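This report goes through one chain, from strand pairing to helix packing. Please keep the sequence and the coordinates at hand while reading.

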Amino acid sequence: MADLNDLKRRMENSFNSFNNELKGLRTGRASTGLLDPIYVEAYGSSMPISQVGSVSVPESRMLTVQVWDNTLVAAVEKAIRTSDLGLNPSSEGNLVRIPLPELNQERRNELVKVAGKYAEGARVAIRNIRRDGMEVLKKEEKDGKISQDDHRSQGEKVQKLTDEFIAKIDQTLKSKEEEIMKI
């Protein structure tokens, strides 16, 4: 039988990944989580920004990254500038300052679209996990390991689990959109 606990764990991981992506979308105030989705090209691989420097919030509209290796300052600046967050960093030695501009209505709408894109990606991931579970059930029925009734009842449980996670994603997206649009 399809392992419901495994499917639930995989769906939970997809949901947590979606939540982490949303933390990177800014609202009206600075947060260290804003830079979490940004990866820096360093030492021949892609690393989270938190692994090349310490991120802090010295004031409400400013972030700083204290880069540990001076040779990576330009790479950190480039990663922040090319992210879809619309930030323009500047550096002084190994300190990268990231001023957060005031959010205008147009930028708020863009951020809501990005949040929607993240949500759709999470929904697709959840549906793919459901498909995997359903294929296991179909194969087990075909191989004679489970009956048609077991296939149907397990399939309903997988679908119920899927619906719960899609609803969680929709609810989280709705609250993030409200947070972004609040002035």
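Which residue in E6 does Ser91 stand opposite? The residue opposite Ser91 is Val96. The model is a predicted one, and the sections below begin with the sheet that holds this pair.

## The four-stranded sheet

An open sheet is built from 4 strands in the order E3-E4-E6-E5, with antiparallel pairing. Strand E3 (53-59) and E5 are the edge strands, each of them pairing on one side only. From one strand to the next, the twist averages 25°. Helix H2 (residues 73-82) packs on this sheet and touches E4, E5 and E6, and its direction makes about 15° with that of E6.

Strand E4 (residues 62-67) is joined to strand E6 (residues 95-99) by 5 bridges in the antiparallel sense. Within this pairing, Met62 has Pro99 in E6 as its bridge partner. On E5 (residues 90-92), 3 bridges lead to E6, and these two strands also run antiparallel. E5 and E6 form a hairpin with 2 residues between the strands, where Gly93 takes a positive phi near 65°.

## The E1-E2 hairpin

E1 and E2 form another hairpin, with 2 residues between them. The two strands run antiparallel and are joined by 4 bridges; Val40 stands opposite Met47 in E2. The turn contains Tyr43, in the loop between E1 and strand E2 (45-48). Tyr43 has a positive phi of about 55° although it is not a glycine. With a relative accessibility of 59%, Tyr43 counts as exposed, because the cut-off for that class is over 50%.

Which side chains of E1 are buried, and which are not? Val40 and Ala42 point to one face and are buried, while Tyr39 and Glu41 point to the other and are not. This is the alternation expected of a strand: in a regular strand, side chains alternate between the two faces of the sheet.

## Glu41 in its surroundings

Glu41 lies in strand E1 (residues 39-42). Its relative accessibility is 57%, so Glu41 counts as exposed. Apart from neighbours within four places in sequence, Glu41 is in contact with Ser46, Leu72 and Ala75. Ile180 is 139 residues away from Glu41 along the chain, and the C-alpha atoms of the two are separated by 29 Å.

## H1 against H3

How do the axes of H1 and H3 cross? Helix H1 (residues 4-23) and helix H3 (residues 105-142) have axes that come within 10 Å and cross at roughly 170°. An angle over 145 degrees counts as roughly antiparallel, and H1 and H3 therefore fall in that class. On the H1 side the contact includes Leu7, Arg10, Met11 and Phe18, and on the H3 side it includes Ala115, Tyr118, Ile126 and Asp132. The residues of this contact divide into 11 nonpolar, 2 polar and 4 charged.

H3 itself has 38 residues and reaches 55 Å from its first C-alpha to its last, close to the 56 Å expected at 1.5 Å a residue. After H3 comes Gly144, whose phi is positive, near 80°.

## H1 against H4

H1 also meets helix H4 (residues 148-181): the two axes come within 11 Å and cross at roughly 10°. The crossing angle is under 35 degrees, and H1 and H4 are therefore roughly parallel to each other.

Among the H1 residues in this contact are Leu4, Leu7, Met11, Phe15, Phe18 and Leu22. Their counterparts in H4 include Val158, Leu161, Phe165, Ile169 and Leu173. A helix spacing lies behind such lists: an α-helix has 3.6 residues a turn, so residues three or four places apart point the same way. By class, the contact of H1 with H4 divides into 11 nonpolar, 4 polar and 5 charged residues. Leu7, Met11, Phe18 and Leu22 of H1 take part in the contact with H3 and also in the contact with H4.

Key:
Residues are numbered from 1 along each chain as its sequence is written. This is a predicted model: local features need pLDDT of at least 70, side-chain atom pairs count only at pLDDT 80 or more; totals for chains, interfaces and linings use all residues. Side-chain values use heavy atoms; hydrogens and water are left out. Axes are lines fitted to C-alpha atoms, for helices over the stretch in contact, and angles run from 0 to 180 degrees between N-to-C directions. Angles under 35 degrees count as roughly parallel, over 145 as roughly antiparallel, 65 to 115 as roughly perpendicular and the rest as oblique. Contact means heavy atoms within 4.5 Å. Ala, Val, Leu, Ile, Met, Phe, Trp, Tyr, Cys and Pro count as nonpolar, Asp, Glu, Lys and Arg as charged, and the others, Gly among them, as polar. The expected span of a helix is 1.5 Å times one less than its number of residues. Two strands pair if DSSP finds at least two bridges between them. Buried means under 20% relative accessible area, exposed over 50%, partly exposed in between (1.4 Å probe, protein chains only).
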